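User: I am new to this structure. Please show me how to read its main features.
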Amino acid sequence: MIDETASGELTLVTGAPANGGSCVAHHEGRVVFVRYALPGERVRVRVTADRGSYWHAEVIEVIEPAADRRESLCPIAGVHGAGCCDLAFVNPDAARSMKAEVVANQLERLGGHSWSGTAEPLSDTGPTGWRTRVRLEVGADGCPGFHRYHSDELVTDLRCGQLPAGMLDGLDEVPSPPGAHLHAVLDDDGRRHVVRTVRKGKRTAAKVTEGDYHAVQRVGGRSWRVPVTAFWQSHRDAARVYSELVTDWAQPASGGTAWDLYGGAGIFAATLAAGVGESGRVLSVDTSRAASGAARAALADLPQVDVVTDSVRRALAAQQDSANVAVLDPPRSGAGREIIDLLAAAGVPRIVHIGCEAASFARDVGLYRGHGYAVDQIKVFDAFPLTHHVECVALLTR
């Protein structure tokens, strides 16, 4: 069933989806991770990387397509295009099933936890046009573009399926030196803001080319002014959905203490503050000065909130008292053993943990379980449609 050609191309039958957007196939006892494939397809592939015991490959011809393969919803993505939308060729319902299967596999393998569920859409707005924040790189020719998958090469066609129509109109006319970045945001007032950043030695110089440096974002009746270059959830509905879920799961008690770790602009600190009231305390920690500044400004009317710009590790080590609940939204690498050890040692009885990478999320769940935490609930969101990425949320108690 497998033929090898002199050109290094193979014909394979693909199996289960793997973390990272590929499907697993086998060739002469070696695992092959195949991008741009669906389970059960017969495909011709080109090997792109040899890792010894396994290979990476990409599809160059679909011989026997799966029923869930469709015309790509992103006109610029694919083998010879940008790396932006690696699952744009999959029926959205099937893509969510694949993502749920990957999360379940990672949780079983790395977290020692059995889970069966679905990847839920964040809203009913559909799989395209959901992204409101994007960063482009400027190439040697002065044109902005998206990177090809794992490449320095840029695709200068800006019609990514994740973006609302017209969001990037005219950006190819913004004068920019090679290596610069263009940050574009559509805020909650419907205004577009564009900031160009250029690295100069150890400094980054920023220039507003359209709109303002700060974009207006709203969640739960509260407004934030967030720098265009700072982090905010990319899906237009993500901040609201996650905030509502944290409100439901965290259950901060009046007069209690809550920790908002990797807190960014303080979205979760706001909802935790409402729960603990003025007699309670919320500690919000993030390393980003821009995000912390946005949090301090937006939450200035909440005396129970203390915003700290520091590493989570140092901030936790400095705490004299414990918390009734902690909410964590770490970067893709997850929280890791040191942070989870500190939370367990502090005796935090209730934790809401958010993760945007399935393997690191599953590993962290396993670390909590090693400290005696029980997994009460898990939700998986299809927060990045057209891509293999997911957002996972766990409620852990002990």
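Analyst: We will go through a sheet, a helix and some loops. This is a predicted model: local features need pLDDT of at least 70, side-chain atom pairs count only at pLDDT 80 or more, and totals for chains, interfaces and linings use all residues. Residues are numbered from 1 along each chain as its sequence is written, and side-chain values use heavy atoms, with hydrogens and water left out.

User: How are the strands ordered in the open sheet?
Analyst: Strands of a sheet pair through backbone hydrogen bonds, either parallel or antiparallel. Helices (H or I, at least four residues) and strands (E, at least two) are DSSP runs, numbered from the N terminus. Two strands pair if DSSP finds at least two bridges between them. Here 8 strands run in the order 7-21-22-20-19-16-17-18, with mixed pairing. Strand 7 (119-121) and strand 18 (305-309) are the edges, each pairing on one side only. Neighbouring strands are turned by 20 degrees on average, direction ignored.

User: In which sense do strand 19 and strand 20 pair?
Analyst: Strand 19 (residues 325-328) and strand 20 (residues 350-355) pair in the parallel sense, over 3 bridges. Leucine 328 stands opposite histidine 353 in strand 20.

User: Which strands does helix 1 touch?
Analyst: Contact means heavy atoms within 4.5 Å. Axes are lines fitted to C-alpha atoms, for helices over the stretch in contact; angles run from 0 to 180 degrees between N-to-C directions. Helix 1 (residues 92-110) packs on the sheet and touches strand 7, strand 21 (374-382) and strand 22 (391-397). Its direction makes about 140 degrees with that of strand 7.

User: What span should helix 7 have?
Analyst: The expected span is 1.5 Å times one less than the number of residues. Helix 7 (residues 358-370) has 13 residues, so it should span 18 Å; its end C-alpha atoms are 18 Å apart, which agrees.

User: Which residues of helix 7 are buried?
Analyst: Buried means under 20% relative accessible area, exposed over 50%, partly exposed in between (1.4 Å probe, protein chains only). The buried residues of helix 7 include Phe361, Val365, Leu367 and Tyr368. Their cover includes helix 1, helix 6 (336-346) and strand 20. Just after helix 7, glycine 372 takes a positive phi of about 90 degrees.

User: Where does tyrosine 262 lie?
Analyst: Tyrosine 262 is in the loop between strand 16 (257-261) and helix 3 (267-276). Its phi is positive, about 60 degrees, although it is not a glycine. At 18% relative accessibility, tyrosine 262 counts as buried.

User: Is leucine 386 buried or exposed?
Analyst: Leucine 386 counts as buried, at 6% relative accessibility. This leucine lies in the loop between strand 21 and strand 22.
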